[in-house]
Amino acid sequence: MRATPVPEFMLEPAYDPNSDAGTSRDSLGLGRAAGAGLDVRHGTILTLEDINVSFDGFKALTNLSLYIGVGELRCIIGPNGAGKTTMMDVITGKTRPDNGKAYFGETLDLTRMSEVQIAQSGIGRKFQKPTVFEALSVFENLELALKTDKSVWASLRAKLSGEQRDRIDEVLSTIKLESSRHRTAGLLSHGQKQFLEIGMLLMQDPQLLLLDEPVAGMTDAETEFTAELFKSLARKHSLMVVEHDMGFVGSIADHVTVLHQGSVLAEGSLADVQADERVIEVYLGR
Amino acid sequence: MNQPISLTLAQKAGPKLTLGIGAVVLAILIILPLLHLLPADNSLQVSAYTLTLVGKILCYAIVALALDLVWGYAGLLSLGHGLFFALGGYAMGMYLMRESAGDGLPAFMVFLSWTELPWYWTGTQHFLWALCLVVLAPGLLALVFGFFAFRSRIKGVYFSIMTQALTFAGMLLFFRNETGFGGNNGFTNFRTILGFDITAQGTRTALFLAIVALLTCSLLLGWRLAKSKFGRVLTALRDAENRLMFCGYDPRGYKLFIWVLSAVLCGLAGALYVPLVGIINPSEMSPTNSIEAAVWVALGGRGSLIGPILGAGIVNGMKSWFTVAFPEYWLFALGALFIVVTLYLPKGVIGLLRKKGEQ
Amino acid sequence: MPTALLRLFPIFTLLLSLLAPHAQAGDAADFVAANPAKQATLLETWSAHPDAARLPLIEALQKGRLASDSNKAPFIQTDTGWQAAEGGDAQPASEPKKLPLNNRLRGLVGTAQASHQLLAKEPAVRLAAAQQLQKSAKPAQLQLLNARVASEDDDAVRDALSLALANLQLIDPDPAIRLAAVRLLGETGDPLARTRLETLLDPAVETDAGVRTAAETSLAQVKRRLLMGELLGQAFSGLSLGSILLLAALGLAITFGLLGVINMAHGEMLMLGAYSTYMVQILFQRFAPDALALYPLVALPVAFFVTAAIGMALERTVIRHLYGRPLETLLATWGISLILIQLVRVLFGAQNVEVANPAWLSGGVQVLPNLVLPYSRMVIIGFALFVVVLTWLLLNKTRLGLNVRAVTQNRNMAACCGVPTGRVDMLAFGLGSGIAGLGGVALSQIGNVGPDLGQSYIIDSFLVVVLGGVGQLAGSVMAAFGLGIANKILEPQIGAVLGKILILALIILFIQKRPQGLFALKGRVID
Amino acid sequence: MKRRPFLKATLAASTLLLSGLFPYTLQAAETIKVGILHSLSGTMAISETSLKDMALMTIDEINAKGGVLGKKLEPVVVDPASNWPLFAEKARQLLTQDKVAVTFGCWTSVSRKSVLPVYEELNGLLFYPVQYEGEEMSPNVFYTGAAPNQQAIPAVEYLMSEDGGAAKRFFLLGTDYVYPRTTNKILRSFLHSKGVADKDIEEVYTPFGHSDYQTIVANIKKFAAGGKTAVISTVNGDSNVPFYKELGNQGIEATETPVVAFSVGEEELRGIDTKPLVGQLAAWNYFQSVDNPTNKKFVDSWKAYAKAKNLPNYQTAVTNDPMEATYVGINMWAQAVNKAGTTDVDKVREAMAGQEFVSPDGYTMVMDKTNHHLHKPVMIGEVQDNGQFNVVWQTEGPVRAQPWSPYIPGNDKKPDYAVKSN
């Protein structure tokens, strides 16, 4: 175990901005996939620049910079404590960064928006631990996630239209829970809950999906199915997946970002990253 | 089973039976006050004592229902509902005091050598304004408190402790004679309501019917809410608030709505309670009363609509009986009830009934 | 006896006493025979003309030991029996009846005693007497004081006497003497001096302009000193209230803060601690009356173990089943509290029971003329700090503390590491309850001991813990003292009730701002 | 099969309810029912429990002598639990369900105010045994405690006298409720009439259960520096212990600043270490230490009763003013019923006027012919170190009550006989 201070170079992003797609602001313009209302002129759906977060002196994120392109499927890996979840907290407004920029599209400043505003503007998040509304049925879970007016008054008068029902049925079949539509969500298996939560994200129809360890606790078959699902989602949506399962990462990701001690250590294709000396050291050397 | 929208009985026993029972109970509750109108020597006559007692319990049932809306559905345990109840009661009491004082000042103000009414008594001689106050006083207080509390995401135990502190502060404030609400004595010795003698049989009957009507309306309202998407959002809120936020719902609005609604229901119940029992004073705001209301809900079964009503009836019925039969053991019984319910009846009497029904 | 003669009588006795020191042998008999008004005159005369030989009589009066038998013969009660007050070995003709004194006479006896003590050999006694006379000297004593100031050889006593004299000299016909007296009074911080000087500002009372100006200067000085005393007093009472809140809340800081148990029966643990103190006191009275003064010290461990045992029993039987369901714990523990209250009511009665302060916890030390610090409150402040340190040591320096912290941070992990979580829960809950019991011992010394004792502290305790930040010992300490001092600053301005309401409102607002309390740890929010 | 559980529960609940409504449906005809309405739980249990026991003892005594009209008295004890609306409910229950002939009960003003409309509506009879603020005279209530002129005013006269310390300034300290407020209002105008200026009167109220008297005692000291001061305390029950402890610890002595209390009696002193209190005063119409044969018998039989019934702390059982008032009230009622030959409220009320009873305070107590109050002697007692009072002063004889105090403006127009408040 080493306890040396972080070498200076590690604080710098270790990538070549010109060589990787989706890492700089003018890369890979898949702007047509972005939803209405969101300004993605430069093809970047998420911009994090020089984000710092510290908890009572402990630096959880240090000068983190990261860009996600429209329609990209990005995997984030990194050892425990690298700051993956904190980063998601920053994006979803749960944690406010000490400084730095966080933009959704070109105009929405995430550091100034509330969690609800962020969610309504089109960022969906799946938690590490599957979180569904356990007391409601599968159908009702999806109904709540449905993209619609979510104000109090609307909910008092809400009635599902046929179109909306069809949409729910469609998602139910996508996540293979048609047969459990009236079951209480609390009674589902762990894997089923994972799918239900993914289903809820789909109902929300967000432009950017943040997925925290989506395949934890899934069988191999389920994992495979999830990988297919995510791949089909990309292009239409942008995805950011945090995962430990390298097999899964390998099966879905075109680009991988390695976080270490609160900043980006390496970025590139999985093979490149796996060959990176520093990454090996981080993963194996300690 | 963890059924949130729990027309539990309706689902288990079939809507027809529930409706049937409901109709019978409602009929009894309507006939009861009418029997009161019979002359005293008639063997079927329902005494004023019985009527007042049942009416009082029905008022408590409304409080229990209101508390259940926030606790059972939205997961916010309020230990301060007594405050809203008392505020509604005081608003009505102000009208009754003005009515009995005629053109002069209420008696307690004369005592304190006050020469004019404080500004907040303005207009209380009008029944309609008093009714507005019944809604506004608890409603606005709940709105302001809820706005701040929900904005900073106070929930769970913190919320309970804050509401308890709130009602405690209210009690201290109303205990002060300078506050202008009669201090410790509160309001009593009412004479007329809308010109009718408050002790007359007819007035009591009308009051009782008003209470029954309010309870029925509250039940219907609760049922509608529980059935709507709003009810499902509340349940979701109770179980996974973060998830709900990331689904794009703003929990504050939902909490605030149900919180204010619940406070207003309590205020209305208090307003009907006061002319019936003939007194309102700050002890209604004591934290003990509010916490007792929580046990009505817990005993009946929270998250269901009929449970709290049943709970309020059982606890208060027991109380009336115990305080006569074994006055010294009432607190033991109440205490044991608290423990037994939380340990062995987490879903309350309703849960028990349902379990039996399933077997 | 004709009235005129009676009026002359004291002077007559006085003359006699001046001639022959033992000729006042009739004082006691006179006193016993007189009616209250005459008794007052007698006492006033004695104060003006003290006589060392009269001291035993005055002391007997002061202690309420003077009595008379059916023949109106005066007797003084001693530890063994009765002794004739007039000397000799006469025996009472019947069981003597004690002389009733009213408050006016008691006050005069005090003054008389002080003026007699001026004759004492020990400077300390004379000093105390002089200080007493500063408060209570009567105009008739002017001459006496003048004489004593002149003959006093101890500086401190002379200064004190001069002050006592100055009080009387304010109405001296000679403006020069009045001026000197006014200047002298300016040196004190005595609240009485303020009133006396204030009357001199009125031209109708004080005709000499010079004296009036001097009185104004002196008054300003006195007021400054008084203000100082008042501020110190407020600070002290704030600290004292804070220490009481702290003792009440500390146990809760453990059960709620560390274990997350919403223990509404916490107040009843305080109450049980206080009743344990009462029981210990009863046992001492019965079996060791000589060591009665020590009972609070013995009560500490007793209260600790009694409440800890009850706490552990509750934890095992009820609370254990409710971990992770805080709201239901709240209801169940409320039920427990109702049962405990009624149980105590049935066992000990609904009335309060008497818990007496031992001598070393009664009274106070006079720091400034308008500032007395009661011993009991000082001891409680010290005790509160002691308990805080003890708790801190227990939690941070012992195996149990380590286990408790481990369990509270990650129950499953701790269990995996071989920490017996069940036992740790029980011990931690016992510790919290035991500390509440210690708080109860302290509370018994300043307030009521009755079944409802705990109810009045429960809301305050929760507020202290919440305000301080759950799980933060330092936060609880800060919150308790902060609340105490804020309360005491507000109380004189807007009254106790509004002050309390305002503080409740401020806390509610504060919690909006910082839901985690004063000393919250920031961190990744875990759902 | 699905219906049964629900029906069962409904049945069970309604049985519970009904049994609550009709607790005593079986009555024995040969007894006269007597209601006892004192809180046995909640905050007021501390004071009221002993009154319930005293009432039971008195009823036992009367029954031992053959009862009333040849019938035994049957006490019906209910617990209104210090809950004021519950007082009204229980009162209604006593009157309409149990059909009691008379009720002995209430302590606080608010509980009396709560039941008053019920007694007036149903023409019941209530005996109220506690000193109170006056301003009331209901035909359905007999007040056996003191009105303000039977307690407060003589006490202040004493304090102003040479023997009482010739007080010039008055610190009126009370718990914030109607009794202290009214009493202090009466006292203030009484003091005005004696030439005391407003700057020499300080009026301070604390909330119920107030326990921190540091600031107030400091204020008393400050106030007392301005001249000979007396404190007139209407501090209620529980708060007295911390108040007196603080007084003692801050070095305020009775000789300099006497405190006269209107709510501290023998029962309250049981819970106090009396050493720091010696010399402090209380004004009542009865003290346990009053020396006469009736009182000796009264005290002895109470002690014996406490022991026989194994009441908590029976070793230290004491009597006090409200207990004596309860005792006198029940006995007078029994005499009045015997005189009227019926328990009919109107007849009994008539028979009560002028009723006499040799009471433990050493006088023959008389019920006033019109105003429903007793004529009572006023005594000032000094606290002794044994928790008893030594009577240092008393009125020449019994004083007639003035429930409508002449010191409150507007009262001169009130009639001197009982009329319904409605």
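This note covers the cavities of a predicted model and one pair of packed helices.

1. Residues are numbered from 1 along each chain as its sequence is written, and chains are lettered from A in the order in which they are written. In this predicted model local features need pLDDT of at least 70, side-chain atom pairs count only at pLDDT 80 or more, totals for linings use all residues, and side-chain values use heavy atoms, with hydrogens and water left out.

2. There are 10 cavities of 30 Å³ or more (a cavity is a set of points, on a 1 Å grid over the protein atoms alone, where a 1.4 Å probe fits but cannot get out). The second largest holds about 210 Å³, a volume being the space filled by probe spheres set on the points.

3. Lining this second largest cavity are 19 residues (each with an atom within 4 Å of a point); Leu276(B), Val277(B), Gly278(B), Arg92(D) and Val118(D) are the closest to its centre. Two or more lining residues come from each of H3 (48-73) and H11 (251-277) of chain B, and H3 (84-97) and H4 (109-122) of chain D (helices are DSSP runs of H or I, at least four residues).

4. In chain B, helix H12 (residues 287-300) packs on helix H14 (residues 330-344) at about 50°, with axes 10 Å apart (axes are lines fitted to C-alpha atoms over the stretch in contact, and angles run from 0 to 180 degrees between N-to-C directions). H12(B) and H14(B) are therefore oblique to each other, that is, not under 35, over 145 or 65 to 115 degrees.

5. The contact (heavy atoms within 4.5 Å) involves Ile291(B), Glu292(B), Val295(B), Ala298(B) and Leu299(B) of H12(B), and Leu334(B), Leu337(B), Phe338(B) and Val341(B) of H14(B).

How values were computed. On a 1 Å grid over the protein atoms alone, a cavity is a set of points where a 1.4 Å probe fits but cannot get out, and a pocket is an open set with protein on both sides within 12 Å along at least five of seven lines; lining residues have an atom within 4 Å of a point.
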